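Student: Got a minute to go through this one with me? I'd like to start with what counts as a contact.

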Amino acid sequence: METVVKAEDLVKHYGAGGNITKAVDHVNLEIKRGKFTAIMGRSGSGKSTLLHLLGGLDRPGSGKVYIEGQDISKFNSNELAKFRREKIGFIFQDYNLVPSLTVWENIILPLGLSNIVTDVNKITNLLDKTGLSDKKDAMPDTLSGGQKQRCAIARALATEPAIILADEPTGNLDSQTEAGIMGLLKQSVEEYNQTLVMITHDEGIAHMADIIYFIEDGKVVDKE
């Protein structure tokens, strides 16, 4: 099966001397196309840093990240931004919604940035599946945490990206909404042969994954 994301001896340390934090410490891993990969570990284990490196949001101190065979460390900032827009959908813990845009405008924002014509029916369907149909004209500051997260998820799925990188995407959702969102993510992966990489503390969600990586002190310590 094709490897879509590959980390080679990936290192990201912060600080100097005796105050070095080894957020990511010589990590090697491969993520296969069309699979759901979960990354688990305690708070502070380096999971979010690793996800940001894999998605090109941060640059490593050393080592390489390949996405679809391309070494993204060779890209300049503009090339990397364009590549991310075309290939990756991000779901952040803190939502990263644009406060001056409505729910609808936030969801279609990546389409506009990539010069993709908005398919109104598809976006309307996404709103329905994420339970936001009645909030499409609402501003982010009027939404609950769960609604903001669902908006962020809909935005990540809007461009049908090859790779979805999700940082605790169900952390602010009740159990019923969580089940619906996980169903939507898994359906999207299967329908569009997408690759889902998700950080989670939830063992139930992790065991829905095809592969689980366990991170401890910046290192991959186990794989299921």
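Tutor: Contact means heavy atoms within 4.5 Å. Keep in mind that this is a predicted model.

Student: Fine. Which residues does H207 touch, not counting residues up to four places away in sequence?
Tutor: Two: I212 and E224.

Student: Where is H207 found?
Tutor: In the loop between α7 and β9, the latter being residues 211–216.

Student: Is H207 buried or exposed?
Tutor: Exposed. Its relative accessible area is 52%, and the cut-off for exposed is over 50%.

Student: How far apart are H207 and T37?
Tutor: In sequence, 170 residues. In space, 9.8 Å, C-alpha to C-alpha.

Student: Switching to helices. At what angle do α3 and α4 pack?
Tutor: About 125 degrees, with the axes 11 Å apart. Here α3 is residues 103–113 and α4 is residues 120–129. That angle makes α3 oblique to α4.

Student: Which hand is the crossing?
Tutor: Right-handed, as α3 passes α4.

Student: Which residues meet there?
Tutor: From α3, V103, W104, I107, I108 and L111. From α4, V120, I123, T124 and L127. By type, the contact has eight nonpolar residues, one polar and no charged.

Student: And which residues in α3 are buried?
Tutor: V103, W104, N106, I107, I108, P110 and L111. The buried residues of α3 pack against α4 and also α5, residues 145–158.

Student: What happens just after α3?
Tutor: N115 takes a positive phi there, about 55 degrees.

Student: Now the core. How many residues are in the largest nonpolar one?
Tutor: It has 38. Those with the most contacts inside it are V103, I107, I123, L185, L196 and M198.

Student: Which elements each supply at least two residues of this core?
Tutor: Strands β3 (36–40), β7 (163–167) and β8 (195–199), plus helices α3, α4, α5, α6 (175–192) and α7 (203–206). The largest share, seven residues, comes from α5.

Student: What is M198 in contact with, leaving aside its neighbours within four places in sequence?
Tutor: F36, T37, A38 and I39, then A166 and P169, then M182, L185 and I205.

Student: What lies apart from that core?
Tutor: Another core, of 30 residues. Among them are L10, L29, L51 and L165.

Student: Why would nonpolar side chains be buried together?
Tutor: As a general tendency, that is what they do in soluble globular proteins.

Definitions and conventions: Residues are numbered from 1 along each chain as its sequence is written. This is a predicted model: local features need pLDDT of at least 70, side-chain atom pairs count only at pLDDT 80 or more; totals for chains, interfaces and linings use all residues. Side-chain values use heavy atoms; hydrogens and water are left out. Axes are lines fitted to C-alpha atoms, for helices over the stretch in contact, and angles run from 0 to 180 degrees between N-to-C directions. Helices (H or I, at least four residues) and strands (E, at least two) are DSSP runs, numbered from the N terminus. Angles under 35 degrees count as roughly parallel, over 145 as roughly antiparallel, 65 to 115 as roughly perpendicular and the rest as oblique. A crossing is left-handed if the near helix is turned anticlockwise from the far one by less than a right angle, and right-handed if clockwise. Ala, Val, Leu, Ile, Met, Phe, Trp, Tyr, Cys and Pro count as nonpolar, Asp, Glu, Lys and Arg as charged, and the others, Gly among them, as polar. Buried means under 20% relative accessible area, exposed over 50%, partly exposed in between (1.4 Å probe, protein chains only). A nonpolar core is a set of buried Ala, Val, Leu, Ile, Met, Phe, Trp, Tyr and Cys residues joined through side-chain atoms within 4.5 Å.
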